[in-house]
Each structure stands twice: as C-alpha cells, then as structure tokens.
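Open your viewer, set a plain cartoon, and keep the selection box handy. We will go through a few stops together, one selection at a time.

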Amino acid sequence: MSSAPAKTNLLGLTQAELQAFVERMGEKPFRARQLMKWLYHRNVSDFDEMTDLAKSFRAKLKEVAEVRVPRILRTQVSADGTRKWLLAVESPEPQPPAPSPQPSFQAIEMVFIPEPDRGTLCISSQVGCAMDCTFCATAQQGFNRNLTTAEIVGQVWLANRELGFKPGARVITNIVFMGMGEPLANYRNVVPAAEIFMDDLGFDISRRRVTVSTSGLVPQMRRLAAETNCALAVSLHAPNDALRDELVPINRKHPIAELLDACWHYVEKQNARSITFEYVMLDGINDQPEHAYELVRLLKGKPAKLNLIPFNPFPQTRYRRSTPAAIERFRDILNSHGVIATTRRTRGDDIDAACGQLVGRVTNRTTVRLGSKLIGVAVQS
Ligand code: SAH
C-alpha cells in the first residue's frame with residue numbers, strides 16, 4: 001500500500017526555495033512573491049482566497065502544497081497580558097503501531113509578551129532540549145526532536161492570527177528563539193526560519209529584532225556569523241569555567257574563553273552593536289559580589305550587555321531565586337564598573353510562561369543529553 005505523497009508545507013520555504021518550487025510547477029518566479037504576500041503580509045492560508053492567482057494554479061497548489069501550522073492545545077493569558085500557547089506538532093514520520101497507545105504528537109510552547117513599545121514573540125526550536133542546563137525546566141523533559149522550518153515559521157504565523165492580525169499593523173515586533181530548545185543545535189531549520197522572519201516579503205522584521213539565543217555552541221555561532229545577520233544572545237550564567245561547567249554543561253566542550261572569542265567575532269563580522277548575555281540569578285550560587293567582579297573582568301570594554309534574569313522556579317528544582325537586594329547589588333557593581341546590566345522583568349510567571357519554565361509535552365524522548373557525555377549527537381547542522 002502506498003499513500004499519497006506528502007504535500008509541501010509552504011511555510012517551510014524561503015523565498016528562493018518557494019521560487020524554485022513554483023518554477024517546478026511550470027509557473028513564473030513572481031508567483032512566489034505573490035504567494036509570500038498572501039502568506040505573510042495578509043496572513044491568508046486558504047489558496048481559494050488568493051484571488052490574484054489563476055484558478056488553475058490554485059487548483060494545482062491544492063494538490064501539492066499546504067499551509068499547515070501547529071495545532072493549539074491550550075491558551076493561557078497572564079494577569080500582565082502575557083500569553084502562552086501549548087502547541088501540538090505532529091510527528092513527521094508515521095508512528096509504528098505501538099502496543100500501548102502513544103500520542104502521535106509532541107507539544108511545544110510559545111509565549112507573547114506585550115510591552116508598551118513592542119510585542120515580543122518567544123518561539124521554540126526543538127521538542128525538549130538536550131543541553132541539560134541544571135536550572136532549566138525544559139532540560140528536565142529531555143530531547144525528542146528538532147522542529148522543522150515550517151513548524152518554526154508556523155508558530156509566528158499562528159501567533160499573528162491569534163493576536164488578531166490586521167494588514168499593515170504590527171503586533172509582533174520582535175522574535176526571540178528563547179522558547180524550548182537550543183536553536184543552534186537545529187541550525188539547518190532555524191537559519192531558514194530566521195531568513196523568512198527578516199525577508200521583506202516574509203514577516204519583514206528588522207535584523208536587530210530577530211534574536212537567536214544560544215547556550216554556547218561555538219562552531220555554529222561562527223557559522224551563523226558568516227551566514228546570517230540576526231541578533232545573538234548568549235546564555236552565560238557564570239563568570240568562570242568551574243561554575244559554568246556545572247550550570248551549562250556544554251561549557252565543558254566550549255569553555256568561556258572560546259565562547260567569548262566567538263562572540264566578539266560575531267559582533268565584528270556582523271557589524272552588530274553588541275551581544276546580549278543572559279545571566280540567571282541563582283541564590284547563593286552565582287549572585288555574589290565576587291561573581292560580579294569576575295564578570296567585570298571578562299566584559300569590561302567589550303560590546304556586551306548583561307541581562308540579569310531572576311531565576312524562575314519549577315517543581316523539584318534545587319535552586320532558589322536571588323533576593324531583590326542581591327540582584328540590585330550585583331547590577332550596581334556591574335554598572336558602576338562600566339558593564340551595562342539590566343534586570344529582566346519577570347513576565348507571565350502566574351501561567352509558568354517565564355524564562356526557563358516552558359515544558360510542553362515531550363513523550364517518546366530519546367533522552368539524548370549532553371550533561372554526562374558531551375557527545376554531539378543531538379546537534380545537527
Ligand atoms: N537554549 C537557548 C534558548 C533558551 S533561551 C539558550 O540557552 O540560550 C531561555 C533563556 O532562559 C536562557 O538564557 C536560559 O538559560 C534561561 N533560563 C532557563 N531556565 C531558566 C529559569 N528557570 N529561570 C530563568 N531563566 C532561565
């Protein structure tokens with residue numbers, strides 16, 4: 001028995017790929033541009049609504065293509081207006097018949113954070129995560145698989161729809177890869193997605209407003225510097241290798257000196273303003289004045305901004321959030337020694353939508369974790 005060939009999800013194609021796709025259908029390249037405008041400037045997914053395309057082309061499209069986005073399982077709205085969606089992504093391969101009923105989907109999470117001057121969408125890049133950072137709830141889930149480009153782009157498309165898309169009005173002004181997963185471990189799907197975010201026929205978001213956040217995959221950071229031009233954030237979390245080895249296990253493979261080299265290289269290559277360093281504030285672990293002074297030595301005079309994130313607790317964690325006084329003292333030491341540091345306001349914590357609290361639903365995980373072995377198997381480029 002053979003099933004019909006799978007349809008191509010158009011949300012997974014960059015402008016160049018979409019052009020090649022329509023050309024293979026015997027159409028002129030400009031059809032790709034028309035399609036993109038319907039998809040991204042008008043938030044339309046139904047080919048029948050794309051009225052400037054010939055009926056015959058629309059009919060062909062329906063046979064070979066689709067516009068499919070993750071399915072919403074649950075929406076939560078925080079008292080502060082932050083929204084979190086639990087989204088089902090189907091397994092790409094048909095599931096073998098299992099003796100016990102297994103769900104055929106995995107779930108990821110996506111968060112929208114409205115602020116007076118911007119709207120930030122925080123998206124996921126993987127189902128679960130293999131980096132095994134000790135303070136992160138996603139890490140507890142283990143790793144299942146990479147999201148496809150279409151699943152990454154589909155999150156933004158869907159959020160636009162959910163947020164009441166109106167042509168020309170921009171609700172989502174910033175996109176950050178700070179949801180579930182390590183984006184640079186899914187390089188080959190994340191980079192085309194970022195391209196679609198920045199493409200003026202795509203979501204048309206400026207390059208300084210699309211941010212890839214990494215725990216420190218140095219080879220992929222260097223590749224990113226050469227191949228794209230989005231903003232980069234780096235999860236630093238500790239000012240020395242002994243502590244960072246413990247909190248962010250990938251540090252054992254790519255220690256701080258190597259990581260920072262890759263950061264300064266990125267700024268230079270990209271002509272970027274700076275790298276944002278994320279630093280989770282863990283009570284009594286990395287929040288002491290001596291840690292702040294160590295950071296000053298690492299970052300003073302460099303194109304760096306520190307973003308202090310009060311730790312967001314989750315069940316069974318061994319960590320506690322630093323006290324407001326400790327965070328303030330830490331920030332003051334940095335700022336008075338010429339290192340720009342701000343404290344990230346906690347948003348959406350009443351719905352577990354804050355940094356590091358996204359868990360989704362990860363089943364059938366292969367549980368590839370880097371912590372113990374540091375094998376690159378979960379990292380696909
Ligand atoms: N894997 C990428 C993307 C995750 S971004 C990365 O590591 O950068 C999410 C940010 O939230 C990261 O800086 C992450 O380290 C941080 N984070 C993780 N768990 C957290 C927690 N429990 N409280 C606060 N921040 C957390």
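Start by selecting Lys60 and Glu27, and show their side chains: the two meet in a salt bridge, with 3.5 Å from N to O. Keep in mind as you zoom in that this is a predicted model. Now trace the chain between the partners. Lys60 sits in helix α3 (residues 55-64), while Glu27 is in the loop between α1 (15-24) and α2. The pair is 33 residues apart and links distant parts of the chain. Across the whole structure, a search finds 14 salt bridges, so feel free to browse the others later.

Next, colour by domain. Select 9-66 for domain 1, then 71-93 plus 103-351 for domain 2. If you place a marker at the C-alpha centre of each domain, the two markers will be 32 Å apart. The contact between the domains draws on 16 residues from domain 1 and 17 residues from domain 2.

Stay at that boundary and switch on a surface. Together the two domains bury about 1,400 Å², and carbon and sulfur atoms account for 65% of it. Which three residues should you highlight on the domain 1 side? Pick Leu11, Tyr40 and Asn43, which supply 42% of the area that domain 1 buries against domain 2, more than any other three residues.

What kinds of interaction cross the boundary? The count of salt bridges between domain 1 and domain 2 is zero, but five residue pairs are in polar contact across the interface. Now select helix α2 (residues 30-41): with six residues, this helix gives the most to the side of domain 1 that touches domain 2. Colour that side by residue class and you get six nonpolar, seven polar and three charged residues.

Last stop: the ligand. Select the 22 residues around the ligand, then label the ones that come nearest, namely Phe135, Ser213, Ser235, His237 and Asn312. Three distances are worth drawing here:

- His237: a polar side-chain atom lies 2.6 Å from an oxygen atom of the ligand.
- Gly181: a polar backbone atom is 3.0 Å from a nitrogen atom of the ligand.
- Glu182: a polar side-chain atom lies 3.2 Å from a nitrogen atom of the ligand.

Terms used. Residues numbered from 1 in each chain as written. Predicted model: local features only at pLDDT ≥ 70, side-chain atom pairs only at ≥ 80, totals over all residues. Heavy atoms only, no water. Domains from an automatic or database assignment. Contact = heavy atoms within 4.5 Å. Buried area = accessible area lost by both parts, 1.4 Å probe. Salt bridge = Lys/Arg side-chain N within 4 Å of Asp/Glu carboxyl O. Polar contact = N/O pair within 3.5 Å; in protein donor to acceptor, adjacent residues only side chain to side chain. Helix = DSSP H or I, 4+ residues; strand = E, 2+ residues; numbered from the N terminus. Nonpolar A, V, L, I, M, F, W, Y, C, P; charged D, E, K, R; others polar. Near = heavy atom within 4 Å.
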